[in-house]
Amino acid sequence: MWMFMNNLSATVKMLRKQYGLTQEELSLKSCVGLRFVRDLEQGKETLRLDKVNQLLDFFNYEMVAILKTDRQ
């Protein structure tokens, strides 16, 4: 789980910087709290998926569940 959150955190931070936004600006534009943006970028593992998608929607991304096919 840590590796996944690390990738998500890094991706959100990279996108935010590419758009030239502060954490506060991203918070306002995506309609999530500033604390949520900070927690996400710091890799907090217990975040609400609906809020993650609300923030990602600003960048035209979304998180989805994918069926694993390599299980035996």
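**View 1. Helix α3 and its buried residues.** In helix α3, which spans residues 34-41, the buried residues are F36, V37, D39, L40 and E41. Buried means under 20% relative accessible area, exposed over 50%, and partly exposed in between, with a 1.4 Å probe and protein chains only. Helices (H or I, at least four residues) and strands (E, at least two) are DSSP runs, numbered from the N terminus. G43, just after α3, takes a positive phi of about 85°. The model is predicted: local features need pLDDT of at least 70 and side-chain atom pairs count only at pLDDT 80 or more, while totals for chains, interfaces and linings use all residues. Residues are numbered from 1 along each chain as its sequence is written, and side-chain values use heavy atoms, with hydrogens and water left out.

**View 2. The E41 and R16 side chains.** E41 lies in helix α3, and R16 is found in helix α1 (residues 2-18). The two side chains make a polar contact at 2.5 Å. A polar contact is a pair of N or O atoms within 3.5 Å; within protein, one must be able to donate a hydrogen and the other to accept it, and residues adjacent in sequence count only if both atoms are side-chain atoms. E41 counts as buried because its relative accessibility is 12%. R16 is also buried, with a relative accessible area of 8%.

**View 3. Surroundings of E41 and R16.** Contact means heavy atoms within 4.5 Å. With neighbours within four places in sequence left aside, E41 is in contact with S9, V12, K13, R16 and Q23. On the same basis, the contacts of R16 are L21, T22, Q23, L26, E41 and F59.

**View 4. The largest nonpolar core.** A nonpolar core is a set of buried Ala, Val, Leu, Ile, Met, Phe, Trp, Tyr and Cys residues joined through side-chain atoms within 4.5 Å. The largest one has 14 residues, of which L8, V12, L26, L55 and L56 touch the most other members. Two or more residues of this core come from each of α1, α3 and α4 (49-58). Not counting residues up to four places away in sequence, L8 touches L40, V52, L56 and M63.

**View 5. Aromatic rings around F58.** Rings of Phe, Tyr and Trp (its six-membered ring) pair if their centres lie within 6.5 Å; planes under 30 degrees apart count as stacked, over 60 as edge-to-face and the rest as tilted. By this rule there are three aromatic pairs. One of them, Y19 with F58, is tilted, at 5.7 Å centre to centre and 55° between the planes. This pair links distant parts of the chain, since Y19 is in the loop between α1 and α2 (23-30) and F58 is in helix α4, 39 residues apart. Y19 is partly exposed at 45% relative accessible area, as is F58 at 29%. F58 also forms an edge-to-face pair with F59, at 5.1 Å centre to centre and 75° between the planes. F59 counts as buried, at 4% relative accessibility. Ring pairs thus link Y19, F58 and F59 into a cluster.

**View 6. The whole chain, for orientation.** The protein has four helices and zero strands. Its C-alpha atoms fill a box of roughly 45 × 20 × 20 Å along the principal axes. Of its 72 residues, 32% count as buried.
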